[in-house]
Amino acid sequence: MPETSIRAMDFARWRDDSALHELLRRAADPPTPAALQALLDRCATLEAIGAFDQGGALIGAAFWHRLHDEAVEIEYLAVLTPHRGLGTELVRAVQQTCGTHVIARTDHDALEFYRRRGFICVPTATDPRWPQTPRFLCLLPCQELLATQPKGPSGFELVEGFAQLGIVQIHPPQERWPEDFARLRALIQRALGDSALAIEHAGSTAVPGLPAKNVIDVVLLVTDSDAEERYVSSLQDAGLLFWHREPGWYAHRMFRPRPQESVPAANIHVFSLGSTEPLRMLLFRDYLRTHHPEREAYAATKRQAAERLAQLRGDAGEVMEYNRLKEPFIRELGARIQASAGLPRGPRT
């Protein structure tokens with residue numbers, strides 16, 4: 001690739017430049033001159049970084065906004081041909097500049113671009129501009145954020161939940177678990193519509209061949225999980241109990257199906273888009289799906305933890321204590337997964 005420079009872009013300086021207009025046509029395909037002007041107005045409110053050739057001509061650009069302290073979202077990204085490879089450099093520059101996870105939304109046309117650059121890609125709600133086009137959330141974790149934990153209290157509070165004691169049962173892999181998740185996904189989708197930005201099968205039941213408790217773990221991403229008024233009542237009306245909240249631990253909320261509901265047992269974890277913990281969960285899931293030795297080691301750890309809890313507590317065991325017994329293995333393997341993924345480490349110095 002010819003020598004280029006990537007740096008912050010003075011949008012007002014470039015607003016009327018034909019190269020910028022071409023880049024935005026590639027990124028968003030505005031159908032009319034008026035739509036292009038509206039797009040330029042939107043870009044004026046965003047942070048921007050540009051790629052420039054040796055002569056100073058604009059040949060690529062990325063526009064983004066901050067979601068919260070842990071993530072930014074790229075709204076528009078494009079490069080002029082034949083500058084292939086420059087898109088990768090722009091993504092890296094955004095992440096290194098911000099020191100956060102990076103989010104993008106796309107359709108099938110750019111999906112492979114993001115996958116090849118280490119993004120976790122999952123289905124998401126449709127865009128009103130293209131209601132018939134399947135859309136995807138693309139999530140690029142930042143290694144330094146994955147390696148940290150919140151320092152303050154979690155603020156754990158039972159809402160409609162209650163203590164559940166008993167023997168933790170680890171079941172052999174069940175063929176019905178993917179179908180159970182599909183039923184839960186449909187229930188949540190009906191309840192929240194496009195407010196459900198992603199509904200992903202996580203945890204051990206999402207890994208073929210892995211034994212697990214007969215409980216489906218679901219990751220539900222919303223715009224802001226602290227804004228309970230936007231989703232809690234809809235999930236409750238759909239037959240879910242608001243089990244607990246942990247506002248100081250990645251703004252986590254958890255729901256479970258009501259005991260009388262004819263839906264699978266589940267832990268439905270609600271997080272804000274771009275939060276660190278669901279990215280850890282999805283990385284862990286995807287790694288175990290393709291790494292047999294680690295999957296077998298985790299299966300042994302799960303059985304040992306359940307047996308140890310039964311020895312210590314009998315039929316008064318708690319799942320949270322079972323999770324603590326597994327935690328050293330999960331943390332060690334999680335660190336290796338993050339290191340092996342080659343993820344960016346944070347802001348440039």
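This report describes the overall build of a predicted model and then two of its strand arrangements.

The model is predicted, and local features need pLDDT of at least 70, side-chain atom pairs count only at pLDDT 80 or more, and totals for chains, interfaces and linings use all residues. Residues are numbered from 1 along each chain as its sequence is written, and side-chain values use heavy atoms, with hydrogens and water left out.

**Overall build**

The chain contains 11 helices and 13 strands; helices (H or I, at least four residues) and strands (E, at least two) are DSSP runs, numbered from the N terminus. The radius of gyration of the chain is 22 Å, close to the 20 Å that the globule rule gives for 349 residues, so the chain is as compact as a globular protein of that length. That radius is taken over C-alpha atoms, and the globule rule is 2.2 Å times the number of residues to the power 0.38. Along the principal axes, the C-alpha atoms fill a box of roughly 75 × 40 × 40 Å.

Of the 349 residues, 50% count as buried (under 20% relative accessible area, with a 1.4 Å probe and protein chains only). Among contacts (heavy atoms within 4.5 Å) between residues at least 6 apart in sequence, 66% join residues at least 24 apart.

**Strand β7 and its partners**

Strand β7 covers residues 135-140, and 6 of its 6 residues are buried. In a regular strand the side chains alternate between the two faces of the sheet. On one side of β7 lie Arg135, Leu137 and Leu139, and on the other Phe136, Cys138 and Leu140, all of them buried.

Strand β5 runs antiparallel to β7, and β6 also pairs with β7 in the antiparallel sense. Two strands pair if DSSP finds at least two bridges between them. The table sets out these pairings together with that of β12 and β13.

| Strand | Partner | Bridges |
|---|---|---|
| β5 (residues 101-106) | β7 | 5 bridges |
| β6 (residues 120-124) | β7 | 5 bridges |
| β12 (residues 252-257) | β13 (residues 266-272) | 3 bridges |

Within β7, phenylalanine 136 is the bridge partner of threonine 106, while leucine 139 stands opposite isoleucine 120.

**The open sheet**

An open sheet of 6 strands follows the order β8-β11-β12-β13-β10-β9, with mixed pairing. Its edge strands are β8 (157-158) and β9 (198-202), each of which pairs on one side only. Strands β12 and β13 run antiparallel, and phenylalanine 255 has isoleucine 268 in β13 as its bridge partner.
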